Amino acid sequence: MTPDSSNTQGQFLIAMPSLAESFFDHALIFMLEHDEDGAMGLIINQPLDISVDEVLSQVGDGYPGDRYPQPVMCGGPVEPQRGFVLHHTRHDHPWQGELPLQQGLSVTASNDILEALAQGQPIGDFLLALGYCGWGPGQLEQELADNAWLTVAADAEVMFNTAADKRLDAVARTLGIRYEQLTSSSGHA
């Protein structure tokens, strides 16, 4: 089934080769929101040189610093100091500022979820990103029409259980291709 490119919420965007000279070179973005006011997503395959443990050490006093060695993702160029936790929705424990998404996922940008992680409270699979990608009204729709992005159904398995450097190829394989096979003149799958 072809994803709806007029509303990419809950989908992946794959950066096409035409974006090779930009911030979005080889980016895989999970889309959080997309409506008439614009769109917002998180890059999920560009690790920063900082671990989740390092971030949590700054949040919680006495954090042992050895629970989450995975890297923090560069979520995008907008507000790079702002953190976002992408996680499975827990109906038994909603977080402050939690935004429920599709497919049983949520994104939370409040400190309570970081404090819970620092205190050792299990929250399940998660991905921590700093910054986000944002588009104004009609901007993403135009970029999609210009073949700057390929839309693909999102898969939580890829987000949470695939190494960051393997995520783009894993998503491309769901289309039966390798990322290197894409060209700037490709259409939408």
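This is a short tour of a predicted model, stop by stop.

**Stop 1: strands β1 and β10**

Select residues 11–15, which form strand β1, and add β10, residues 149–153. The two strands run antiparallel, joined by five bridges. For one facing pair, pick Q11: A153 in β10 stands opposite. Now colour β10 by accessibility. Four of its five residues are buried, so the strand is mostly covered.

**Stop 2: A148**

Step back to A148, in the loop between α3 (139–145) and β10. Is A148 buried or exposed? A148 is buried, at 8% relative accessible area. Show its surroundings. Beyond its neighbours within four places in sequence, A148 is in contact with I14, A15, M16, S18, L19 and E143. Draw a distance from the C-alpha of A148 to that of M16. The viewer should give 5.3 Å, although the two positions lie 132 residues apart along the chain.

**Stop 3: the nonpolar cores**

Next, select F12, I14, F30, L32, L86 and M159. Within the largest nonpolar core, of 31 residues, these touch the most other members. Then add helix α5, residues 164–174. This helix supplies the largest share of the core, five residues. Another core lies apart from it. That one has 16 residues, including V52, V72, L114 and A116.

**Stop 4: aromatic rings**

How many aromatic pairs does the structure hold? There are six. Start with F23 and F24, an edge-to-face pair with 5.5 Å between centres and 80° between planes. Their burial is worth a look: F23 is partly exposed at 40% relative accessible area, while F24 is buried at 17%.

Move on to Y68 and F126. This pair is also edge-to-face, at 5.1 Å centre to centre and 80° between the planes. It links distant parts of the chain. Y68 sits in the loop between α1 (52–59) and β5 (71–74), and F126 is in strand β9 (residues 126–135), 58 residues apart. Y68 is buried at 15% relative accessibility. F126 is buried too, at 10%.

Finish here with F23, F24, W135 and W149 together. Ring pairs link these four into a cluster.

**Stop 5: T108 and D112**

Select T108 in strand β8, residues 105–108. T108 is buried, with 1% relative accessibility. Which side chain makes a polar contact with that of T108? It is the side chain of H87, at 2.7 Å. Show the wider shell as well. Leaving out residues up to four places away in sequence, T108 touches G83, F84, V85, H87, W95, Q96, G97, E98 and I113.

Now go to D112, in helix α2 (residues 111–118). D112 counts as buried at 17% relative accessibility. Outside its neighbours up to four places away in sequence, D112 touches W95 and Q96. Both of these also appear among the contacts of T108.

**Stop 6: two cysteines**

End at C74 and C133. Both are buried: C74 at 13% relative accessibility, C133 at 1%. Why does C74 form no disulfide? The closest cysteine sulfur, in C133, is 7.6 Å from that of C74, which is too far for a bond. The cut-off is 2.5 Å. C133 is likewise in no disulfide, with the sulfur of C74 as its nearest. Across the whole structure, the search finds zero disulfides.

Definitions and conventions
Residues numbered from 1 in each chain as written. Predicted model: local features only at pLDDT ≥ 70, side-chain atom pairs only at ≥ 80, totals over all residues. Heavy atoms only, no water. Buried < 20%, exposed > 50% of the residue type's maximum accessible area, 1.4 Å probe, protein only. Polar contact = N/O pair within 3.5 Å; in protein donor to acceptor, adjacent residues only side chain to side chain. Contact = heavy atoms within 4.5 Å. Pairing = 2+ DSSP bridges. Core = buried A, V, L, I, M, F, W, Y, C linked by side-chain atoms within 4.5 Å. Phe/Tyr/Trp six-rings, centres within 6.5 Å; stacked < 30°, edge-to-face > 60°.
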